[in-house]
Amino acid sequence: HHHPPEVSRWMISGRKPSDDVQCNGYRKKERKQLFSLLLKECQQQKEVWKMDNPPDPGGGESLSLREASSEKEAVVEEAKSGGGGVYPGPDGKPVEIKDVWASTLDAEMAVIRELVERYPYVAMDTEFPGVVAKPIGDAYSTGYQYQTLQCNVDLLKIIQLGVSLCDGAGRTPEEGCFCWQFNFRFDLTEDMYAEDSIQLLKESGIDFARHADEGVDVRRFGELAMMSGLVLREDVRWISFHSGYDFGYLIKILTCQTLPADEQGFFDLLHIYFPVLYDVKLLMSSVDGLHGGLQRVAEDLKVERIGPMHQAGSDSLLTNATFFRLAQVAFNGVENIEDKYRGEIYGIGAHAHYRGNKQHVDHSGVAKYAQPPSLGVGGGSTGGGGLGGQTNSNNNNNNNPMSNGGAAPQQQQQQQQQNG
């Protein structure tokens, strides 16, 4: 896609932005101007694409959307990569999780461009190589959680992105695929990672050899995503679970830049690219008795998983179904979800866990991400381990040694000694 020169300089070339167009610190007026330029360019590119891909005269939809899987039996068909395939849904209807590699990226993004017009609820999950570093300082000071997110997202690469589409009532298309699993280029011999996270993903069926050979290039994905109709639109709703890292990686891909140095800059970009988003982990705070990771919440709400755990496609489907079930239980429908939850993310910003801010703190001892013991990196040219950071998956129910009523273990011990 083609952006105006003042936008392309920092989004595409990878060079640092000039003083007059700052990615991390430009003024609000300039940010609005940037948003207008991006939106205009994406709309123009989308119109060009529609002219090149007219609807099929016989059915009203493009041929790409009318292609449904010939396999209708309710049996599991796992792809070689382990996560993609056809799985039986809760109602017995086969559900396809489609693996996307470099060779099929353009074709599948074309399908998404059409579907999102009628199914504008986008459930999302990512898999990434864990947490390998943490800043020096008080883990419960203001901004610490974002600083941890920032340095890890800047250091590491995304492995998978799962996207599932539905309409405002949770309905999915009658035929064809509505869930995609984008497999990005990731090489264990070159890229940084946390050993424990990679081991869990291997056990879950992720084929890292194929990721290295056939994985999607993040720059090409970013280009197609910018004109896909998924971002920069207020009529598209993004659904996630404890999604600070998820959106961090997406913003890094869309901007071709490292993340902003401050939390406010991050949220400014977040609200430009994803104007409407909901974090299921945050919505849970309105329901007594709900706590833990995605899998546990789904089980409590009687929501069935489709596909294998710890793979982004299956997790996005579970996030989708859990969101609509929770919206019905807690708010009597999606349309009644309060504005205070819109655009907010559990664990950072107004909902970070630091001293003096007790709002939305999860006292269950369960968190999506655990902090590593010390600053460091994993992987490298030899493919060596890492710091053993906790896994990245949204359905993770790991016990977080740093999460227990707002104090780390050493701090708890000091407090107990002070309290006699």
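This report describes the fold, the cores and some local features of a predicted model.

**Overall make-up**

The chain has 420 residues, 55% of which count as buried, and its secondary structure comes to 14 helices and eight strands. Among contacts between residues at least 6 apart in sequence, 74% join residues that are at least 24 apart. The accessible surface of the chain is about 18200 Å², and carbon and sulfur atoms account for 48% of that area.

**The nonpolar cores**

The largest nonpolar core holds 57 residues, and the members that touch the most others are F182, F221, W238 and F274. Several elements give two or more residues to this core, among them strand 4 (121-127), strand 5 (160-166), strand 6 (179-183), helix 8 (218-226) and helix 10. Helix 9 provides the largest share of this core, with seven residues. When neighbours within four places in sequence are left aside, W238 is in contact with V122, M124, L230, V231, F247, L250, F274, V276, L277 and Y278. A second core, separate from the one around W238, has 28 residues, including A123, L301, F323 and F324.

**Two helices with many buried residues**

Helix 10 spans residues 263-273 and is mostly covered, since eight of its eleven residues are buried; these are E263, G265, F266, F267, L269, L270, I272 and Y273. At the start of helix 10, the backbone nitrogen of Q264 has a side-chain oxygen of D262 within 3.3 Å.

Helix 13 (residues 312-331) has 20 residues, and because each residue should add 1.5 Å, the expected span is 28 Å, which agrees with the 27 Å between its end C-alpha atoms. Of those 20 residues 15 are buried, so helix 13 is largely enclosed by the rest of the structure.

**A hairpin and a buried glutamine**

Strand 2 (residues 85-88) pairs with strand 3 (residues 94-100) in the antiparallel sense, over four bridges. One of the residues involved is Y87, whose bridge partner in strand 3 is V95. The two strands form a hairpin with five residues between them, and in the turn G92 has a positive phi of about 90°.

Q181 is found in strand 6. With a relative accessible area of 1%, Q181 counts as buried, because that value is under the 20% cut-off. The side chain of Q181 makes a polar contact, at 3.1 Å, with the side chain of Q311.

**Residues with positive phi**

Most residues other than glycine have a negative phi. The table lists three residues of this chain for which phi is positive.

| Residue | Phi | Place in the chain |
|---|---|---|
| C256 | near 55° | loop between helix 9 and helix 10 |
| K302 | near 60° | loop between helix 12 (294-300) and helix 13 |
| N332 | near 60° | follows helix 13 |

For two of these residues the degree of exposure can be given as well. C256 has a relative accessibility of 28% and counts as partly exposed, because this value lies between the cut-offs of 20% and 50%. K302, at 72% relative accessibility, counts as exposed, because 72% is over 50%.

Conventions:
Residues numbered from 1 in each chain as written. Predicted model: local features only at pLDDT ≥ 70, side-chain atom pairs only at ≥ 80, totals over all residues. Heavy atoms only, no water. Pairing = 2+ DSSP bridges. Buried < 20%, exposed > 50% of the residue type's maximum accessible area, 1.4 Å probe, protein only. Polar contact = N/O pair within 3.5 Å; in protein donor to acceptor, adjacent residues only side chain to side chain. Expected span 1.5 Å × (residues − 1). Contact = heavy atoms within 4.5 Å. Areas by Shrake-Rupley, 256 points an atom, 1.4 Å probe, with all protein chains shown as cover. Core = buried A, V, L, I, M, F, W, Y, C linked by side-chain atoms within 4.5 Å.
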